[in-house]
Amino acid sequence: MSAENAAAGTAAHLQHHFVDSEQQQESAKLGMWIFLLTEILLFGGLFCFYAIYRAWNPEMFYDAHTHLDITLGAINTVVLITSSVTMALAIRSMQLDQKRATLLNLFATLALASVFLVIKYFEYAHKFELGQLPGKYYTFEGIAGSNPHVFFSVYFMMTGLHGIHVLIGMGVIGWIAYRTSKGHFSGKYYTPIEMTGLYWHLVDLIWIFLFPLLYLIS
Amino acid sequence: MTQPKRAIHILPLQTYLGIGSALLILTVVTVWVATIDLGPINLLVAMIIAAAKASLVALFFMHLKYDNKLYAVILLGALLFLAAFVVFTMFDTMDRGIIDGVRAGPINDQAVIYEQSTSGPTLPPAESVRSDTVLHREISPSE
Amino acid sequence: MSDITHDSYLSSPKGIKSWLLTVDHKRIGIMYFVAIMFFFALAGLLAVILRTELLSPDRVLMDADTYNQFFTLHGAIMIFLFIIPSIPAALGNFVLPLMIGAKDVAFPRLNLASWYIYVAGALIAVFSILQGGVDTGWTFYTPYSTGTNTAVISMTTGVFILGFSSIFTGLNFIVTIHKLRAPGMTWFKMPLMVWGLYATAVIQVLATPVLGITVALLIVERLMGIGIFDPAMGGDPVLYQHFFWFYSHPAVYIMILPGMGIISELIATFSHRRIFGYKAIAYSSLGIALMSFLVWGHHMFTSGQSELAAMLFSFITFFVGIPSGIKIFNWLTTMYKGQISFKTPMLYAISFLVLFTVGGLTGIFLGALSVDIHLHDTYFVVAHFHYVMMGGTVMALLGGIHYWWPKMFGRMYSELWARVACAFVFVGFNMTFFTQFVMGSQGMPRRYYQYGEQFARMHGFSSIGAYVLGFGFLIMFVYLIASLFKGRRVGANPWGSLTMEWETASPPIAHNFDTDKVLEHGPYDYDRIEVTPEDEKGKVTA
């Protein structure tokens, strides 16, 4: 969505088919929310899978989840929530026309996102080592119950799709930071940052549900 | 479409930091609750906490509280349709066989019916086989 | 296409590059139109070949495997490359901003991107032919689709990418309709076509992501064997059907709702009468859109889903008939005592009413649980969905093309040949598919390469119908192309219609309107405002 407003500056960013900046900004925001809706339904398919397979195999899900590292999961939750705060602060700084603070907050968000992915990488690497992998690659033998690989199929699909979204988000934040440094935004025009923020918060929202569903099965 | 200009809504710094702390506290709570065995209530509690966290993020970080209510409708609409998807699918997956009582069993590969329909190259010429009763005869590649 | 007196969107700027990089919704609409019609012709050709094969119970042209690939391609191309984008992306793109008095859609660059994504997805899907084709049917049911050695991955990747194109179009339309209406055009002063497109867009953004995740899972399952659809590994193949139909059932309303929008326009214009039950038609579009999400299980009555689910889905399915019925009755009431002029678009609209009613009612048969056990996977189903898709959507599309053709190109086609073609299409269509109702009810299964002798005569008749139908399209192609060069020039409002797109020149200027539009009268105020078609001489007088 933010690409729509790629033109620079307050005066130049208005496209010919809009009456004024406000109409343009509201359109972008509405479009972004509809995009978030499609994202929710995209992840929704996986949540549906999760619900059905957990309802079918409650014990197996419990046994399998004990092989996830709650500490790492909790740290990642904290990291992602903090990155959401810094993202929100980046927007606030831009509203106040503080370019430097905006950049700092954007970089903090990027750094936290990298920490998230690094921790995820260690979790994945550990599971690859043990053979706790989806489907036919599953070789681990420490879990009783039938078809424990289903849990790891669901785990890898959900966290994998989420991870891809984190990566995309980092790309967009990097691009936004670049444009901020070039002075493309101001307190009057900061729609792309706002749109990126909405996307980033959604990525956070999804993790808020993934964490208890995958790591905290009781 | 031509309402008066809406002033940009800037939240105070404390709000963001306060919400952030609340989210972190709720994270600790949800990990702690998971260690207590409440039976099936555990899932419910975990989901309520997650929903509370999600609402905080949506209302304050995503500005739903201050923005056009249409955006909230879109978000809730997405959740509503997702719920319909999950619930209606589970009407199937959780209730198979409760009315009819017939359950899936292994396929009986000794069943007589297979002898007739697995044709392959040994089958007699097409003209002699085709009749009104044999409709699903397989076609051998040589034909 | 030259000698246009004003600077139309067609002529300025010039050059192929100005088309490929355009952000003008009208040009993008035309580009979509060309691409979509190409795939329609391709899949139509496949259909004619399939019908030729079915002329006789024996081999005519191809072996059984090729036959499987051909019907899969026919279905997949028709559904994903033609009928889903047809009305919204081609005609909708062209007329939506004009109808609401906007200069463009909300996100013009996203609009262009969606066209390129469409082309990329289409090429990848068609690439599967070179890889040896696909033989799963257009539904890609597991477990067969995870096991077969054909090019399922390339086809489903194409479908995945096409989904983005559809989402972007839907997203664009929703924002456009919310934010860019001309001052004075309240929700209930929008033309009903816009309501149809709005309801369609809502389905597109809600359902398409689920198709995305479904085919993504299918691809992952094929590539890595994660076992979620494989019963031997604790998975469940029926889940695939749930996921698939959660998209694909609403998708049939993506196909029909904009068609219903076109029919509303045609019937009001050519009956020269205020549309009856405006709000009922508008709300029924939304009603269909929302209810369409709760009936997908009626595709799965014989798949082994639970009896409880089957009963619920069957029950709710009956309710979807209600809003469609409301529309049909409102259209008929609009025509009652109207001054009907039987121009070509109106002929298609009437064809739609007849054929869609047949298609819709047979859908009710199929939605009835016990009846479906008999009719499932027979030619009855094939006939039913061709009556709704072709008899419904394609008739509406053809009506829409003939209605907006003078607006798009500023030229009129030959009315005589258009009527001849319409007659061929109508007769050929009924010959082809009514026969299939009969065959299906007698137990002829769909997708079969060979069949019993007792169906030979009906299959032959059906195939001849397909040739008649194809001939009708051939005539249409010739006179439409001819009209681009030799057609009579028309003014702004050849039909005497009151919606806004007729208030600008034909073809429109690049920015649609000379001035900023303000709504002056409702779209169907035929009782308040005197307007006569240009043929009968006269101009809009308030």
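**Note on a predicted three-chain model**

1. A:Thr86 is found in helix 3 of chain A, which covers residues 70-95. This is a predicted model, and the remarks below should be read with that in mind. The residue counts as buried because its relative accessibility is 11%, which falls under the 20% limit used for that class. Once residues up to four places away in sequence are set aside, A:Thr86 touches A:Asn105, A:Ala108, A:Thr109 and A:Leu112. As background to such contact lists, an α-helix has 3.6 residues a turn, so residues three or four places apart point the same way.

2. Chain A also offers a check on helix geometry, in helix 5, which runs over residues 149-181. With 33 residues at 1.5 Å a residue, this helix should span 48 Å, and the distance of 47 Å between its end C-alpha atoms agrees with that expectation. Just after helix 5 of chain A comes A:Gly183, which takes a positive phi of about 75°.

3. Chain B has five helices and zero strands, and its pattern, when read along the sequence, is α-α-α-α-α. Of its 143 residues, 32% count as buried. Among the contacts in chain B with a sequence separation of 6 or more, 43% are accounted for by residues 24 or more positions apart. The area that chain B exposes is about 9,100 Å², of which carbon and sulfur atoms supply 69%.

4. Chain C contains 15 helices and two strands. How does its radius of gyration stand against that of a compact globule? For 542 residues a compact globule would have a value near 24 Å, and the 23 Å of chain C agrees with it. The C-alpha trace of chain C spans about 70 × 45 × 45 Å along its principal axes, so the radius of gyration, which agrees with the globule value, can be read alongside these three spans.

5. Burial and contacts in chain C can be taken together. Of the 542 residues of this chain, 65% count as buried, and among contacts between residues at least 6 apart in sequence, 81% join residues at least 24 apart. Chain C exposes about 18,300 Å², with carbon and sulfur atoms supplying 70% of that area. As for charge, chain C has 31 positive and 29 negative charges, and the mean positions of these two sets are 9 Å apart.

6. C:Ile167 has its place in helix 6 of chain C, residues 152-179, and counts as buried because its relative accessibility is 8%. Which residues is C:Ile167 in contact with, leaving aside its neighbours within four places in sequence? The list consists of A:Thr38 from chain A together with C:Gln204, C:Val205, C:Thr208 and C:Pro209 from chain C. In addition, C:Ile167 and C:Ala201 are separated by 34 residues in sequence, while their C-alpha atoms are 8.0 Å apart in space.

7. C:Leu42 lies in helix 2 of chain C, residues 25-53. Is C:Leu42 buried or partly exposed? Its relative accessible area is 28%, and C:Leu42 is therefore classed as partly exposed. Between C:Leu42 and C:Met78 there are 8.9 Å in space, C-alpha to C-alpha, with the two residues 36 apart in sequence.

Methods: Residues are numbered from 1 along each chain as its sequence is written. Chains are lettered from A and ligands numbered from 1 in the order in which they are written. This is a predicted model: local features need pLDDT of at least 70, side-chain atom pairs count only at pLDDT 80 or more; totals for chains, interfaces and linings use all residues. Side-chain values use heavy atoms; hydrogens and water are left out. Helices (H or I, at least four residues) and strands (E, at least two) are DSSP runs, numbered from the N terminus. The radius of gyration is taken over C-alpha atoms; the globule rule is 2.2 Å times the number of residues to the power 0.38. Buried means under 20% relative accessible area, exposed over 50%, partly exposed in between (1.4 Å probe, protein chains only). Contact means heavy atoms within 4.5 Å. Accessible areas come from the Shrake-Rupley method with a 1.4 Å probe; for residues, only the protein chains shown count as cover. Lys and Arg count as positive and Asp and Glu as negative; His and the chain ends are not counted. The place of a charge is taken as NZ of Lys, CZ of Arg, CG of Asp or CD of Glu. The expected span of a helix is 1.5 Å times one less than its number of residues.
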